[in-house]
Amino acid sequence: MRQLLNTLYIQTQGTYLHLDTDNIRVEVERERKAMIPLHHVESVVVFGNVLLSPFLIHRLAREHKPVTWLTEHGRFMARTETPVSGNVLLRVAQHGCACDRARTLAVARFIAAGKLQNQKTTLLRSAREALGNDPELLRQAARDINGQIGCLPLAETVDEVRGIEGTAARAYWEVFPLMLRANRDFFWLTERTRRPARDAINATLNFVYTVLANDCASACQAVGLDPQVGFLHALRPGRSSLALDLMEELRAVVADRAIITLINRQQLTPRDFVLHEGNTVTIKDEARKLILAHLTERRKEEVTHPLTARKTPLGLVPHVQARLLAQHLRGDRAHYPPYLHR
Amino acid sequence: MLDFLVCYDVNTETSAGRRRLRRVGKVCTSHGQRVQNSVFEVSVTDVQLLTLRERLLAEMDPTEDSIRLYRLRQPRDKFVEAYGRDRYVNFSDSLIL
């Protein structure tokens, strides 16, 4: 397997990076934290208030190592474009793949398979902790989803893949409230509603998905993929289809799981929501902060990536996946391996 | 990637010697990391090894100084024992600071 090249991520606020004898010298408050030889680094991604010396930027640009600036919360801001960057080839490969029906179908299938598998894992995990009749219902839903995974290889068009995904989604959302164990009379979910959110769960889901979509879009940009050219999602002006594609595998394990945890721990209660006239619901500001803080903690949590077998913070999984997708599009990898949560 | 241990002795009796010491140190720094005062661990590709060797040979004075390169057996953590103050960083691990 081709080794994943190393990316230097700087998250500590107030860090200063500069060039020192072919090394990146990392300083926090004028104290040297690390010296990293340039030849071990493929790209630099910085979050929030991190300074890079101009000479370091020049040197990285000369060696075609992109620098990506994200906000502290991981929203994409800018990336250096080097004089001769490999990105154009990657983008051409991506567009070529998007125009090729068979290849698009293959990628879409793997993405959907990853999504369904992770939904199944989430349901089974909750079934272990549920009480009464619920475990049986959750397991039944997991079995239904499993059946849909079996249908994926038979799908002949991307539309059929979307259909299979939809069937599985229905089974998943039907039992979703059963995974919640606190304030059940308040947190109910009849159907997914986007804008406006009709109930508290939808409002929370929409918020968390927005945050996650931003992470995924940043990951695409950081790797040099065009975030708007997706495979499973239809192309539409202004829509980050590829980011949404990447997000599919992570919805259940990152976003849904976070909400379930917060509600079950009673950190998120009915008091955190405002009910408006006309049946719409919004989240209060403090609750938003709470959710963001929880997501930040969750991002730091380490998981063993099934493919690279490396301990990876959950927050970097979108970056790893984007890189794996880029490898597939370039032809270095026979198929796109989705992220499967253990 | 090949892992090497680079050790050097540079004669510092003259100011030219002290200059050579500094410059040899810099060459090593640009390829790897300092693990002891005159000992570096470097992890390089074949091509980078050629560059490193050439640059070291250009800096040293063969009549006064000595440079030794030891090839480290991999995996490193199985064959290298380190005690005491050790700031070794594995650069192929994820780099998040």
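**Exercise 1. The fold of chain B**

In what order do the elements of chain B run from the N terminus on?

Solution. This is a predicted model. Start by counting elements: chain B has three helices and five strands. Then read them from the N terminus: β-α-β-β-α-β-α-β. Next, check burial. Chain B has 97 residues, and 37% of them count as buried. Last, look at sequence separation. Take the contacts in chain B between residues at least 6 apart in sequence; 67% of these join residues at least 24 apart.

**Exercise 2. The interface**

Describe the contact between chain A and chain B, from its extent down to its residue pairs.

Solution.

Step 1, residues. Chain A gives 24 residues to the contact, and chain B gives 18.

Step 2, area. The two chains bury about 1700 Å² between them. Carbon and sulfur atoms carry 59% of that area.

Step 3, specific pairs. Four residue pairs are in polar contact between chain A and chain B, counting pairs with both residues at pLDDT 80 or more. One salt bridge crosses the interface. Its partners are A:Asp22 and B:Arg55, with the closest N and O atoms 3.9 Å apart. The cut-off is 4 Å, so this pair qualifies.

Step 4, elements. On the side of chain A that touches chain B, strands S1 (7-10), S3 (23-28), S4 (31-37) and S12 (311-313) each give two or more residues. S4(A) supplies the largest share, five residues.

Step 5, chemistry. That side of chain A divides into eleven nonpolar, nine polar and four charged residues.

**Exercise 3. Two loop residues with positive phi**

Which loops of chain A hold A:Thr21 and A:Glu29, and is each residue buried, partly exposed or exposed?

Solution. Begin with the expectation: most residues other than glycine have a negative phi. Now take the two residues in turn.

- A:Thr21 has phi near 40°, a positive value. A:Thr21 sits in the loop between strand S2 (15-20) and S3 of chain A. Its relative accessible area is 23%, so A:Thr21 is partly exposed.
- A:Glu29 has phi near 50°, also positive. A:Glu29 lies in the loop between S3 and S4 of chain A. Its relative accessibility is 72%, so A:Glu29 counts as exposed.

**Exercise 4. A cis peptide bond**

Find the cis peptide bond that involves B:Pro75, and place that residue in chain B.

Solution. Most peptide bonds are trans. Check omega between B:Gln74 and B:Pro75: about 0°, a cis bond. Then locate B:Pro75, which falls in the loop between strand S4 (66-71) and helix H3 (76-79) of chain B.

**Exercise 5. Nonpolar cores**

How many residues does the largest nonpolar core have, and which have the most contacts inside it?

Solution. The largest core has 86 residues. A:Leu123 and A:Leu225 have the most contacts inside it. Follow A:Leu123 outward, leaving out residues up to four places away in sequence: its contacts include A:Leu138, A:Ile145, A:Tyr172 and A:Met179. Another core, of 17 residues, lies apart from the largest one. Among its members are A:Ile24, A:Val26, A:Ile36 and A:Leu56.

**Exercise 6. A buried alanine**

Why does A:Ala258 count as buried, and what does this residue touch?

Solution. First, place A:Ala258: helix H7 (residues 241-264) of chain A. The cut-off for buried is under 20% relative accessible area; A:Ala258 has 3% relative accessibility, so it counts as buried. Leaving out residues up to four places away in sequence, A:Ala258 touches A:His294 and A:Leu295. A:Leu295 is 37 residues from A:Ala258 along the chain, yet their C-alpha atoms are separated by 7.1 Å.

Key
Residues numbered from 1 in each chain as written. Chains lettered and ligands numbered in written order. Predicted model: local features only at pLDDT ≥ 70, side-chain atom pairs only at ≥ 80, totals over all residues. Heavy atoms only, no water. Contact = heavy atoms within 4.5 Å. Buried area = accessible area lost by both parts, 1.4 Å probe. Salt bridge = Lys/Arg side-chain N within 4 Å of Asp/Glu carboxyl O. Polar contact = N/O pair within 3.5 Å; in protein donor to acceptor, adjacent residues only side chain to side chain. Helix = DSSP H or I, 4+ residues; strand = E, 2+ residues; numbered from the N terminus. Nonpolar A, V, L, I, M, F, W, Y, C, P; charged D, E, K, R; others polar. Core = buried A, V, L, I, M, F, W, Y, C linked by side-chain atoms within 4.5 Å. Buried < 20%, exposed > 50% of the residue type's maximum accessible area, 1.4 Å probe, protein only.
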